[in-house]
Amino acid sequence: MVLMICILLGMALAAALGGLFLLKRDVRQLGYTLKTIAQTDTRTQLTTNTFDPDITALAESINIMLERHQRDLLEKTHAEAALKSALTNISHDLRTPLTSALGYLQMLEDGNGQEESSEPLPPQKSCGSRGPEPSECCQEKQVRYLATVRERLEALSGQMNTLFEFARLIEGHTPFNVQKINICNVLRDTLSVTYSELESRGFTVDISIPDTPVICLADEDALGRVLQNLIKNVYVHGKERMSVRLDGSVIEIANKTDILSLSASGPGHLFERFYTSDVSRNSKNTGLGLAIAKELTERMGGRISAHVEAENDMLIMRVALPT
């Protein structure tokens, strides 16, 4: 009997030592794998060779943290790339009108402006091709140069104001007064302000707004800014025709556009910060108009989206507001 008890105790001790050895080996393997991940930034996950529930649970928890860490690293990489691209684009956007204005000022300082700019100037009257230019022609050229300088500086001022507005918005310094408003009135007011610009650019505009009030929760000034930015995007990048329709609490603005310019990246990128479909960045905008519209809409509790109807070459943007 004593011998039997000793044998059983020996077997139990051997099993315990064996289990302890396996646990120690697993812990050592986990530590080695973690060290490898830290040194090589690999996507390897932790695995265990034992059936101990505590070790298994530990490995699963660590794997969850590793996955989160990898996502954070990926987001950081994308954010850094976006920041570098944004800084390059901002520098270009701000430098271009400033350099142009300085060039024309230099020509004014030179006197009669013998140097010619690579940029097109407003139409001018012929001053003749023989002999020195008459003083009135020089004055006319100076007036044109000054008008061009003003235009470039006003463009620069507009871009700076947009950047400042966006900075205040993302830092939470823009006050909001969300309340029940009749969005029909806001939509009509915005269209009355922008209609002449659309008409001067040759757009035909189809408007469908109900006569009965449509009450939604929104900030009136912020909603007006959203609509202005969406319509501005239409007359800057769209062509020929635009439609504005209010269906319940959803505002739909559609316009004929160049589908090829959106096919590479898709309409979802329109609301990204500093995105512009003008790869040469000659459209004199910062690529922040639609990003501001998205930020304002979401701050009011709404949603903004865009999709393309390829068969009609139409870009459709929708703003859905809470009721």
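Q: Hi! Let's start at the hairpin: which residue does Arg 303 stand opposite in E7?
A: Arg 303 faces Ala 320 of E7. One thing to keep in mind as we go: this is a predicted model.

Q: Noted. How many bridges join E6 to E7, and how do the two strands run?
A: Seven bridges link strand E6 (residues 303-309) with strand E7 (residues 314-320), and the pair runs antiparallel.

Q: And which residue takes a positive phi in that hairpin?
A: That would be Asp 313, with a phi near 55°. The hairpin has four residues between its strands.

Q: Let me zoom out. How many helices and strands does the protein chain have?
A: Seven helices and seven strands. Reading from the N terminus, the order is α-α-α-β-α-β-β-α-β-β-α-α-β-β.

Q: How much of the protein chain counts as buried?
A: 34% of its 323 residues. The accessible surface is about 20000 Å², and carbon and sulfur atoms make up 56% of that.

Q: What about contacts across the sequence, say residues 24 or more positions apart?
A: Those pairs account for 67% of the contacts in the protein chain that have a separation of 6 or more.

Q: Nice. Now the inside: which residues touch the most other members of the largest nonpolar core?
A: Ile 183, Leu 223, Leu 230, Ile 251 and Ile 253, out of 39 residues in that core. Elements giving two or more residues to this core include helix H4 (183-200), strand E3 (215-218), helix H5 (220-237) and strand E5 (250-256), and our hairpin strands E6 and E7 are on the list too.

Q: Which element gives the most to it?
A: H5, with eight residues.

Q: Leu 223 caught my eye. What is it in contact with, leaving aside neighbours within four places in sequence?
A: Leu 223 contacts Ile 181, Ile 183, Val 186, Ala 218, Ile 251, Met 300 and Leu 321.

Q: What other core lies apart from that one?
A: There is another core of seven residues, including Leu 30, Leu 46, Ala 59 and Ile 62.

Q: Switching to the surface: which residues form the nonpolar patch?
A: Leu 98, Leu 102, Leu 105 and Leu 153, with about 320 Å² of accessible area together. Helix H2 (residues 53-109) supplies the largest share, three residues.

Q: Leu 105 sits in which helix, and why can it count towards a patch?
A: Leu 105 is in helix H2. Its relative accessible area is 34%, so Leu 105 is partly exposed and passes the cut-off of over 30% used for patches.

Terms used. Residues are numbered from 1 along each chain as its sequence is written. This is a predicted model: local features need pLDDT of at least 70, side-chain atom pairs count only at pLDDT 80 or more; totals for chains, interfaces and linings use all residues. Side-chain values use heavy atoms; hydrogens and water are left out. Patches are made of residues with over 30% relative accessible area and no salt bridge: like charges are joined within 9 Å, nonpolar side chains (Val, Leu, Ile, Met, Phe, Trp, Tyr) within 5 Å. Accessible areas come from the Shrake-Rupley method with a 1.4 Å probe; for residues, only the protein chains shown count as cover. A salt bridge is a side-chain nitrogen of Lys or Arg within 4 Å of a carboxyl oxygen of Asp or Glu. Buried means under 20% relative accessible area, exposed over 50%, partly exposed in between (1.4 Å probe, protein chains only). Two strands pair if DSSP finds at least two bridges between them. A nonpolar core is a set of buried Ala, Val, Leu, Ile, Met, Phe, Trp, Tyr and Cys residues joined through side-chain atoms within 4.5 Å. Contact means heavy atoms within 4.5 Å.
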